[in-house]
Amino acid sequence: MIELFYASTPNGRKISIMLEEIKFEYKITEINLSKGDQFNSDFRKISPFSKIPAITDHESNISIFESGAILIYLAEKSGKFYNKNDRVLINQWLIAQVAYVGPLLGQHHQFHHYTPGKSKWGEERYFRIAKTIYKDLDERLEKSKFLAGNEYSIADIATFPWIARHPIHDIGLKKFKNLSRWYEKISKREAVIKGYDCLKTGETIPHA
Ligand SMILES: N[C@@H](CCC(=O)N[C@@H](CS)C(=O)NCC(=O)O)C(=O)O
């Protein structure tokens with residue numbers, strides 16, 4: 001049994017989607033970020049930077065924080081979405097997501113969506129970077145069916161929930177033909193639909 005420490009954010013959804021994809025039994029422990037649950041001392045023993053997602057694998061008694069590390073752990077344990085022959089490419093696109101795509105789109109959320117008017121510089125800078133990320137992902141997906149090649153992998157699982165915030169990005173996902181094709185295909189997967197709304201609140205994936 002996997003315990004997932006979760007909030008309904010793009011980083012949280014990477015792991016609920018993965019757990020649905022690999023069909024592992026899991027239970028969710030909600031971490032209410034606005035109430036500050038992430039700073040509770042018990043949670044910080046598992047996640048020292050006070051961030052979700054984190055997991056405890058109660059079978060092996062291992063706890064892991066950082067979404068990329070969790071995805072690799074679950075992929076290795078299940079033998080899915082981390083094809084041995086494609087690992088160099090999968091690692092590359094996975095790490096690009098956790099180190100660049102997520103953090104920079106996250107800044108765009110902060111400046112453009114949550115605190116508009118606070119910093120013109122921040123708004124312009126991260127809007128420009130977010131558009132570049134869409135363009136660069138679109139270019140990659142023109143050449144490749146999925147991010148790391150022909151097969152759906154943990155790199156796609158990590159990136160998808162960030163693009164699923166496209167309504168607040170105000171960039172226009174539809175304008176990016178290849179990125180939209182990739183997004184719509186993934187958004188139809190049963191496990192993705194279930195994992196996206198793992199708290200069963202009725203939230204649906206926004207179409208391109
Ligand atoms: N690099 C981390 C980022 C995790 C992260 O930023 N989590 C956010 C929610 S999406 C969080 O827990 N924020 C709480 C806080 O900063 O207080 C990962 O990929 O797991």
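Which side chain has an N or O atom 2.6 Å from an oxygen atom of the ligand? The first view below gives the reply, and the later ones move on to the loop and the helices. Please keep in mind that this is a predicted model.

**View 1. Residues around the ligand.**
The reply to our opening question is K51, whose side chain places an N or O atom 2.6 Å from an oxygen atom of the ligand. Q38 also takes part, with a polar side-chain atom 2.8 Å from a ligand oxygen atom. On the side of E66, an N or O atom of the side chain lies 2.9 Å from a nitrogen atom of the ligand. If you look around the ligand, you will meet T9, N11, K14, L33, Q38, F39, S50, K51, I52, P53, E66 and S67.

**View 2. The loop between helix 2 and strand 3.**
Two residues that surround the ligand, S50 and P53, are worth a second look here. Most residues other than glycine have a negative phi, and most peptide bonds are trans. S50, which is not a glycine, has a positive phi of about 60°. This residue sits in the loop between helix 2 and strand 3. P53 belongs to that loop too, with helix 2 spanning 41–46 and strand 3 spanning 54–57. The peptide bond that joins I52 and P53 is cis, with omega about 0°.

**View 3. Helix 4 beside helix 5.**
Two packed helices are described by the angle between their axes and the distance between the axes. Here the axes of helix 4 (residues 87–114) and helix 5 (residues 120–143) come within 8 Å and cross at roughly 150°. Because angles over 145 degrees count as roughly antiparallel, helix 4 is roughly antiparallel to helix 5. Their crossing is left-handed. Helix 4 brings L89, W93, Y100, V101, L104, L105, Q107, H108, F111 and H112 to the contact, and helix 5 brings G122, E123, Y126, F127, I129, A130, I133, L137 and R140. By class, these residues are 13 nonpolar, 4 polar and 2 charged.

**View 4. Helix 3 meets helix 6.**
Now find helix 3 (residues 67–78) and helix 6 (residues 154–163), whose axes come within 10 Å and cross at roughly 140°. That angle makes helix 3 oblique to helix 6. The handedness of this crossing is right-handed. Helix 3 offers L71, I72 and A75, which meet I154, I157 and A158 of helix 6. What classes of residue make up the contact of helix 3 with helix 6? There are 6 nonpolar residues, with no polar and no charged ones.

**View 5. Helix 6 against helix 8.**
Helix 6 appears again, this time packing with helix 8 (residues 177–187) at an angle of about 100°, with the axes 11 Å apart. The two helices are therefore roughly perpendicular to each other. D156, T159, F160 and I163 come from helix 6, while W182, Y183, I186 and S187 come from helix 8. Sorted by class, the contact of helix 6 with helix 8 has 5 nonpolar, 2 polar and 1 charged residues.

Note on methods. Residues are numbered from 1 along each chain as its sequence is written. This is a predicted model: local features need pLDDT of at least 70, side-chain atom pairs count only at pLDDT 80 or more; totals for chains, interfaces and linings use all residues. Side-chain values use heavy atoms; hydrogens and water are left out. Axes are lines fitted to C-alpha atoms, for helices over the stretch in contact, and angles run from 0 to 180 degrees between N-to-C directions. Helices (H or I, at least four residues) and strands (E, at least two) are DSSP runs, numbered from the N terminus. Angles under 35 degrees count as roughly parallel, over 145 as roughly antiparallel, 65 to 115 as roughly perpendicular and the rest as oblique. A crossing is left-handed if the near helix is turned anticlockwise from the far one by less than a right angle, and right-handed if clockwise. Contact means heavy atoms within 4.5 Å. Ala, Val, Leu, Ile, Met, Phe, Trp, Tyr, Cys and Pro count as nonpolar, Asp, Glu, Lys and Arg as charged, and the others, Gly among them, as polar. A residue is near a molecule or strand if one of its heavy atoms lies within 4 Å of it. A polar contact is a pair of N or O atoms within 3.5 Å; within protein, one must be able to donate a hydrogen and the other to accept it, and residues adjacent in sequence count only if both atoms are side-chain atoms.
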